[in-house]
Amino acid sequence: MPEKHTAEIKAEPFAFPLKRDAIALVVIDMQRDFAEPGGFGASLGNDVGRITKIIPDVKRLIEGFRMAGLPVIHTMECHRPDLSDLPPAKRNRGNPALKIGDAGPMGRVLIAGEAGTAILSELAPIDGEIVIEKPGKGAFYATPLGDILKARGIEQIVFAGVTTEVCVQTTMREANDRGYECLLAEEATESYFPEFKTAAIAMITAQGAIVGWVGSVDDIIKGIA
Ligand code: TIU
């Protein structure tokens with residue numbers, strides 16, 4: 001394995017051993033529903049302004065991967081219009097006045113194809129980039145993500161997106177268990193709760209990178225360039 005390492009990226013808790021030919025960026029759920037007033041995140045009582053602040057850093061990271069000719073994969077948390085992939089246990093928690101699947105100001109909440117479910121226009125996928133629609137918090141559960149990564153020979157994943165301790169951390173844990181080396185881009189992820197972002201990063205990197213690494217957007221872009 002070490003012979004495949006092509007460079008090191010400055011990271012915590014120690015340098016990330018880059019395999020430049022086997023790394024992809026996965027951008028988790030940068031959707032209007034989590035970042036705009038009237039969406040799912042706001043319906044849960046959250047300050048969505050925290051999420052919009054990271055858009056420039058996520059954009060910079062995506063553009064770094066595109067410039068380097070490396071894969072960019074986007075995910076969207078969403079459900080089928082008939083709600084057949086939405087367990088009552090998920091639908092029945094949250095804001096009773098605006099549940100997943102209900103009609104809201106930006107269309108039906110977290111339903112595929114609705115306006116609010118779309119990825120933020122600034123971060124929209126370009127031709128050739130994969131978009132994974134996921135019914136869970138993790139991006140591997142009930143999606144083709146694992147098969148897609150395997151087919152492309154991906155062994156390492158850089159993560160960005162929201163929210164750090166919910167969909168991002170869940171997906172990192174799923175990826176870590178599947179054998180991927182995971183690096184979280186610190187300024188390109190955010191939580192509605194600053195203390196949860198701090199705690200999630202600590203949990204990920206503790207015990208010798210038990211789930212993975214964290215690094216800055218600049219250091220990651222420099223490393224893959
Ligand atoms: N994408 C994602 O993290 N989904 C959530 O529901 N996150 C919350 O923090 N609520």
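## Core and sheet of a predicted model

In this predicted model, Val158 touches Ile23, Ala24, Leu25, Val26, Leu61, Phe65, Leu183, Ala185 and Ile220, leaving aside residues up to four places away in sequence. Val158 is also one of the residues with the most contacts inside the largest nonpolar core, a set of 44 residues, and it shares that standing with Leu25, Met30, Leu61 and Phe65. The elements that contribute two or more residues to this core are β2 (16-18), β3 (23-28), α1 (32-35), α4 (55-67), β4, β8 (156-162), β9 and α9 (217-224). Among these contributors, α4 supplies the largest share, which amounts to five residues. Apart from this core lies another one, of 24 residues, including Ile130, Leu149, Cys182 and Val214. Such grouping fits a general pattern, in that nonpolar side chains of soluble globular proteins tend to be buried together.

The strands deserve a description of their own. An open sheet of six strands runs in the order β7-β4-β3-β8-β9-β10, and its pairing is parallel. Its edges are formed by β7 (130-134) and β10 (213-215), each of which pairs on one side only. Neighbouring strands of the sheet are turned against each other by 25 degrees on average, with direction ignored. Helix α8 (residues 194-209) packs on the sheet, where it touches β9 (181-190) and β10, and the direction of α8 makes about 155 degrees with that of β9. At the other edge strand, β7, the partner is β4 (residues 72-77), and the two pair in the parallel sense over five bridges. Within this pairing, His74 has Val131 of β7 as its bridge partner.

For the chain as a whole, which holds nine helices and 10 strands, several overall values can be set side by side.

| Property of the chain | Value |
|---|---|
| Box filled by the C-alpha atoms, along the principal axes | roughly 55 × 35 × 30 Å |
| Accessible surface | about 9800 Å² |
| Part of that surface belonging to carbon and sulfur atoms | 55% |
| Buried residues, out of 225 residues | 53% |

The radius of gyration is 17 Å, and this agrees with a compact globule because a chain of 225 residues in that form would have a value near 17 Å. Contacts between residues 24 or more positions apart account for 72% of the contacts in the chain that have a separation of 6 or more.

Note on methods: Residues numbered from 1 in each chain as written. Predicted model: local features only at pLDDT ≥ 70, side-chain atom pairs only at ≥ 80, totals over all residues. Heavy atoms only, no water. Pairing = 2+ DSSP bridges. Helix = DSSP H or I, 4+ residues; strand = E, 2+ residues; numbered from the N terminus. Axes fitted to C-alpha atoms, helices over the stretch in contact; angles between N-to-C directions. Contact = heavy atoms within 4.5 Å. Rg over C-alpha atoms; globule rule 2.2 N^0.38 Å. Buried < 20%, exposed > 50% of the residue type's maximum accessible area, 1.4 Å probe, protein only. Areas by Shrake-Rupley, 256 points an atom, 1.4 Å probe, with all protein chains shown as cover. Core = buried A, V, L, I, M, F, W, Y, C linked by side-chain atoms within 4.5 Å.
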